[in-house]
Amino acid sequence: MKRRLSKQIKIGKVVLGGDSPVVVQSMTSKPTEDVDATVGQINRLIEAGCEIVRVAVPDAKAAVALKEIISQISIPIIADIHFDYKLALLAIENGVNGLRLNPGNISGKRKIKEIVSAARYQDIPIRVGVNAGSLEKSILEKYAHPTPEAMVESAMSHVRILEDLNFDLIKISLKSSNVNQMIAAYRILSKKVDYPLHLGVTEAGTLISGTVKNSIGIGVLLSEGIGDTIRVSLTYDPVEEVRVAYEILRALGLRQRGVEIISCPTCGRCQIDLFKLVEKVESALGTISLPLKVAIMGCVVNGPGEAREADIGIAGGNRQGILFKKGKIIKKVAESELANSLIEEIRKMDN
């Protein structure tokens with residue numbers, strides 16, 4: 001697929017846009033002022049492959065806590081700011097790598113100029129983030145509903161404020177809980193600007209419904225070459241957001257990270273407890289970064305075929321099974337030892 005050629009910017013040391021890989025982001029759910037809890041969660045996100053993390057900055061305590069948080073983590077951090085320009089300035093003062101704010105929501109040109117001046121001095125990009133559920137009253141009156149065109153107009157109004165101040169370290173997001181609306185909005189915007197685009201479906205829901213909505217919304221746009229960085233939004237542990245994000249990228253052939261499990265949907269031929277087997281393997285290998293295709297098959301019908309395509313795998317039946325690598329059988333294993341044998345072999349490969 002041909003990527004939309006966007007302007008390149010940097011969040012800390014991470015490059016967005018142009019021909020750089022699509023970057024995976026997430027957001028913490030702990031109170032930012034609780035430094036230990038926030039750092040702990042960020043480190044779990046890093047282990048899962050998160051490359052940029054965003055934190056809420058609702059007050060001065062949270063802004064001040066950024067300095068200590070940043071000293072303990074290894075990826076760039078973005079401060080999520082709403083309305084209060086002093087919090088943006090305080091976040092910059094405490095070492096943040098990026099801001100998420102809408103300049104049109106900050107009253108007074110002087111305040112916006114102060115933010116832009118400080119951000120420019122530190123080479124800190126600003127993400128203009130538009131949500132369908134919180135459009136300006138004037139735009140809603142014009143369009144009657146939060147249409148894709150309304151979302152784009154809102155984003156462009158905020159962008160123009162920054163451009164009028166000769167600031168172009170900008171990325172943009174247009175999020176909606178409506179997948180079709182989100183897709184249409186990004187398609188329109190992608191033809192109007194060359195800034196990097198951050199993709200996401202906001203308020204997407206729980207693990208299953210949210211995964212489906214994000215996979216469709218983000219996946220469709222990425223397949224069209226639109227999008228430079230993504231955040232999968234789930235009402236769940238944010239570590240799962242990162243894992244789902246990489247599965248989307250893997251499915252499209254854009255990034256390869258970690259274990260890809262190929263497993264049976266199960267049928268009447270299955271003679272082993274495949275559900276527990278897959279759950280145990282997936283849970284144990286969640287932090288493996290080496291790209292591997294792993295087959296876990298419940299019978300001999302599809303097992304041999306998958307064995308030829310997978311890097312490593314197991315196939316079982318009637319209380320026993322086989323461990324294979326690159327299509328060749330390594331050894332026969334009792335059903336009770338199938339998962340452990342596979343996990344142990346993969347960990348050896350990752351070392």
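Let's start with the open sheet of eight strands, whose order is β8-β7-β6-β5-β4-β3-β10-β9 and whose pairing is parallel. The edges belong to β8 (170-175) and β9 (198-199), each of which has a single partner strand, so one side of each is left without a neighbour in the sheet. Before going further, please keep in mind that this is a predicted model.

At the β9 edge, two bridges join β9 to β10, and these strands run parallel. If you would like a residue pair to anchor your view, pick Leu199, whose bridge partner in β10 is Ile230.

Moving one step along the strand order brings us to β3, which sits next to β10. Gln25 lies in β3 (residues 23-27). Is Gln25 buried or exposed? With a relative accessibility of 2%, Gln25 counts as buried, because the cut-off for that class is under 20%. The side chain of Gln25 has a polar partner: it makes a polar contact of 2.7 Å with the side chain of Thr229.

For a contrast, turn to Ile208 in helix α8. Ile208 counts as exposed, at 67% relative accessibility. The C-alpha atom of Ile208 is separated by 19 Å from that of Met27, and the two residues are 181 apart along the chain.

Next comes the loop between β10 (229-231) and α9 (238-251), where you will find Asp237. A polar atom of the Asp237 side chain lies 3.0 Å from the backbone nitrogen of Val239. Asp237 itself is partly exposed, at a relative accessible area of 26%. Which residue 196 positions away along the chain has its C-alpha atom 9.5 Å from that of Asp237? That residue is Gln41.

From this loop we can walk into helix α9 and two of its salt bridges. In one of them the side chains of Glu240 and Arg243 meet, at 2.8 Å from N to O. Both residues lie in α9, three residues apart, which is about one turn of the helix. Arg243 counts as partly exposed, at 33% relative accessibility.

Further along, the side chains of Arg250 and Glu247 meet in a salt bridge at 2.9 Å, N to O. Here too the spacing within α9 is three residues, about one turn of the helix. The two partners fall into separate exposure classes: Arg250 counts as buried at 8% relative accessibility, whereas Glu247 is partly exposed at 37%. Elsewhere, Arg3, Arg4 and Asp228 are joined into one network by salt bridges that share partners.

How many salt bridges does the model contain? The count comes to 16. One of them pairs Arg187 with Glu224, and their closest N and O atoms are 2.5 Å apart. Arg187 is in helix α7 (residues 179-190) and Glu224 is in the loop between α8 and β10, so this pair ties together parts that are 37 residues apart in sequence. Both ends are partly exposed, with relative accessible areas of 36% for Arg187 and 37% for Glu224.

Now for the largest pocket, which holds about 660 Å³ of space. Its lining is made of 23 residues, and those closest to the centre are Glu240, Arg243, Glu247, Val259 and Glu282. The elements that give two or more residues to this lining are α8 (207-223), α9, β11 (259-263) and α10 (274-284). Which element gives the largest share? That is α9, with seven residues. Three names from the α9 salt bridges therefore return here, since Glu240, Arg243 and Glu247 are among the residues closest to the pocket centre. By composition, the lining divides into eleven nonpolar, six polar and six charged residues.

We finish with a hairpin. Strands β14 (residues 320-325) and β15 (residues 328-334) run antiparallel and are joined by six bridges. To follow the pairing, take Leu323, whose bridge partner in β15 is Lys331. Two residues stand between the strands of this hairpin, and Lys326 takes a positive phi near 50°.

Key: Residues numbered from 1 in each chain as written. Predicted model: local features only at pLDDT ≥ 70, side-chain atom pairs only at ≥ 80, totals over all residues. Heavy atoms only, no water. Helix = DSSP H or I, 4+ residues; strand = E, 2+ residues; numbered from the N terminus. Buried < 20%, exposed > 50% of the residue type's maximum accessible area, 1.4 Å probe, protein only. Polar contact = N/O pair within 3.5 Å; in protein donor to acceptor, adjacent residues only side chain to side chain. 1 Å grid on protein atoms, 1.4 Å probe; cavity = no way out; pocket = protein on both sides within 12 Å on 5 of 7 lines; lining within 4 Å. Points joined across faces, edges and corners; volume = space filled by probe spheres on them. Nonpolar A, V, L, I, M, F, W, Y, C, P; charged D, E, K, R; others polar. Pairing = 2+ DSSP bridges. Salt bridge = Lys/Arg side-chain N within 4 Å of Asp/Glu carboxyl O.
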